[in-house]
Amino acid sequence: MTELKKISEYKWEVPQTGNMRVPGIVYANKSMIKALEKEGALKQVANVATLPGIVRASLAMPDIHQGYGFSIGGVAAFDWETGVISPGGVGYDINCGVRLATTHLEEKDIKTKVADLVNALYKNIPCGIGSKGSVKLSVKEEKKVLEQGSKWAVKEGFGENSDVDHTEDYGCMPNADPDIVSERALERGRKQLGTLGSGNHFLEIGVVEEIYDPEVARAFRLFEGQVTLMLHSGSRGFGYQVCDDFLAFMVKHARKLDFELPDRQLSCAMIQSEEGKRYFNAMACAANYAWANRQIMMHKSREVFMRTLEISPRDLGMTLLYDVCHNIAKKETHITEGKKQVVCVHRKGATRAFPAGHETVCDAYRTVGQPIIIPGDMGTASYVLVGTEKAMEETFGSTCHGAGRVLSRKAAKKASKGRAIYRELEDKGILVRWRGRNTMAEEMPDAYKDISQVIDVVHGAGISKKVAKLRPIGVVKG
DNA sequence: ATGTTC
């Protein structure tokens with residue numbers, strides 16, 4: 001059991017002990033802390049704090065739970081020259097992320113068409129484990145996807161240039177090197193572009209239920225009653241294979257490290273080593289794959305809306321608000337003790353939250369800050385937030401990524417026995433179509449933390465600010 | 001998350 005020291009209402013410290021080079025900082029409320037102290041995630045926060053080059057603190061967001069090596073909901077920045085990079089600090093689903101598109105439609109415009117829309121999305125966008133067949137790629141074209149990300153998708157007719165502008169990093173990490181990913185990863189990736197995947201991945205039709213910040217909402221073109229489309233997916237089998245390959249690769253080279261790993265799952269390499277560079281450049285390929293993947297699916301959804309509702313692109317007005325990644329490591333510059341420092345920020349189940357004025361925030365949002373998309377579970381709300389200066393000062397410009405699990409998949413299956421989850425959702429006005437036999441049980445709302453509490457913590461702590469709340473009305477699950 | 005154990 002790891003004990004926490006209270007710093008403020010929403011901020012708790014894991015005191016620096018043993019080999020920890022810095023303390024841990026957990027953003028949470030009192031009731032979350034009680035549950036956290038009983039499980040392994042805090043030990044993982046402490047373990048990360050022992051790694052070389054870690055700057056300031058090992059951070060955890062309120063949706064923290066135990067993951068592979070690093071906790072999910074964790075943020076850790078390592079000095080670019082003296083620090084490490086770790087596949088476990090990124091996660092298996094490299095550049096798993098969420099995007100939100102707004103439309104010109106209001107709920108009343110589609111009230112009688114929700115079932116048609118959900119059915120058409122389910123039919124036109126392959127989903128489920130092992131799903132394939134949305135876009136066919138030659139080996140040569142696949143390498144272009146890995147190098148170009150969203151830009152490749154738009155060039156091939158899947159979307160518009162403004163979609164690229166409204167994607168974190170413009171949907172492309174520039175250092176991607178397709179020649180260093182395995183044949184097996186390439187093989188798995190070739191058939192899966194434009195597919196949703198399974199588990200917590202989804203497509204969701206929503207309605208803007210509440211606006212908290214009218215000025216920022218205006219900049220984001222959000223209004224009450226507006227129909228939205230949210231998409232949660234990642235880099236599919238390709239990213240999984242890259243992660244798997246490099247975990248093995250780093251274990252093989254572990255004896256080159258001159259420090260002790262508290263957990264084998266934290267296998268890593270110095271950022272400046274050959275191994276570290278290789279992982280970083282392979283990870284970038286998977287990041288670009290994921291961006292192209294989400295771009296293609298959003299564009300196909302656009303076409304589904306136009307066909308199903310028999311309306312023009314102009315009347316639909318489906319525009320990408322923003323696309324965020326929540327499993328990634330990035331080279332960024334941050335201010336430490338008044339000085340600029342280049343760091344490798346690992347966000348695993350955490351979202352970038354850059355403030356107004358930051359040079360990486362696209363023109364459309366430069367004056368208000370970066371949009372942040374936070375999905376809840378499929379039975380409750382999702383949120384749009386905006387990045388803040390305080391996030392820059394405290395969390396390397398980072399915030400939470402979602403509700404966070406409270407029940408394991410197995411426990412959720414047990415808890416759902418004798419219940420028809422889809423029916424319970426239907427009674428709440430949410431129509432669901434799903435592929436996997438166990439998906440409804442494993443993803444039931446009871447399996448997740450209360451998203452409103454998670455949002456309260458990040459808003460209360462000031463590491464992002466509430467802009468709007470969305471209510472789901474139609475969901476496609478893998 | 002994941003052709004859920006090459």
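This briefing covers the surface around DNA strand B, the packing of two helices, and an annotated site in a predicted model. Sixteen residues surround DNA strand B, and Arg-188, Ser-198, Gly-199, Asn-200 and Arg-236 are the ones that come nearest. Helix 10 supplies the largest share of that surface, three residues, and also packs against helix 11 with the axes 9 Å apart.

**Surface around DNA strand B**

- By class, the residues near DNA strand B are three nonpolar, eight polar and five charged.
- Sugar or phosphate accounts for 53% of the atoms of DNA strand B within 4 Å of the protein, and bases account for the rest.

**Polar contacts to phosphate oxygens**

- Ser-198 makes its contact through the backbone: one of its backbone N or O atoms is 3.0 Å from a phosphate oxygen of DNA strand B.
- Gln-192 uses its side chain, with an N or O atom 3.1 Å from a phosphate oxygen of DNA strand B.
- Arg-409 likewise has a side-chain N or O atom 3.3 Å from a phosphate oxygen of DNA strand B.

**Helix 10 against helix 11**

- Helix 10 spans residues 236-252 and helix 11 spans residues 274-309; the angle between them is about 170°.
- Angles over 145 degrees count as roughly antiparallel, so helix 10 is roughly antiparallel to helix 11.
- On the helix 10 side, the contact is made by Arg-236, Phe-238, Gly-239, Val-242, Phe-246, Phe-249 and Met-250.
- On the helix 11 side, the partners are Glu-275, Arg-278, Tyr-279, Ala-282, Met-283, Cys-285, Ala-286, Tyr-289 and Asn-293.
- This contact between helix 10 and helix 11 comprises 11 nonpolar, two polar and three charged residues.
- Arg-236 belongs to the helix 10 side of this contact and is also among the residues that come nearest to DNA strand B.

**Phe-249**

- Phe-249 is a helix 10 residue.
- Apart from neighbours within four places in sequence, Phe-249 contacts Glu-275 and Arg-278, both in helix 11.
- The C-alpha atoms of Phe-249 and Ser-267 are 9.3 Å apart, with the two residues 18 positions from each other along the chain.

**Annotated site**

- An unreviewed UniProt entry carries the annotation "binding site" for Asp-93 and His-201.
- These residues are spread over 109 residues of sequence but cluster in space, with a largest C-alpha distance of 11.0 Å.
- Asp-93 sits in the loop between strand 6 (84-85) and strand 7 (97-106).

Notes. Residues are numbered from 1 along each chain as its sequence is written. Chains are lettered from A and ligands numbered from 1 in the order in which they are written. This is a predicted model: local features need pLDDT of at least 70, side-chain atom pairs count only at pLDDT 80 or more; totals for chains, interfaces and linings use all residues. Side-chain values use heavy atoms; hydrogens and water are left out. Axes are lines fitted to C-alpha atoms, for helices over the stretch in contact, and angles run from 0 to 180 degrees between N-to-C directions. Helices (H or I, at least four residues) and strands (E, at least two) are DSSP runs, numbered from the N terminus. Angles under 35 degrees count as roughly parallel, over 145 as roughly antiparallel, 65 to 115 as roughly perpendicular and the rest as oblique. Contact means heavy atoms within 4.5 Å. Ala, Val, Leu, Ile, Met, Phe, Trp, Tyr, Cys and Pro count as nonpolar, Asp, Glu, Lys and Arg as charged, and the others, Gly among them, as polar. A residue is near a molecule or strand if one of its heavy atoms lies within 4 Å of it. A polar contact is a pair of N or O atoms within 3.5 Å; within protein, one must be able to donate a hydrogen and the other to accept it, and residues adjacent in sequence count only if both atoms are side-chain atoms. UniProt positions are given in the numbering used here, feature names are shortened, and annotations may be inferred rather than shown by experiment.
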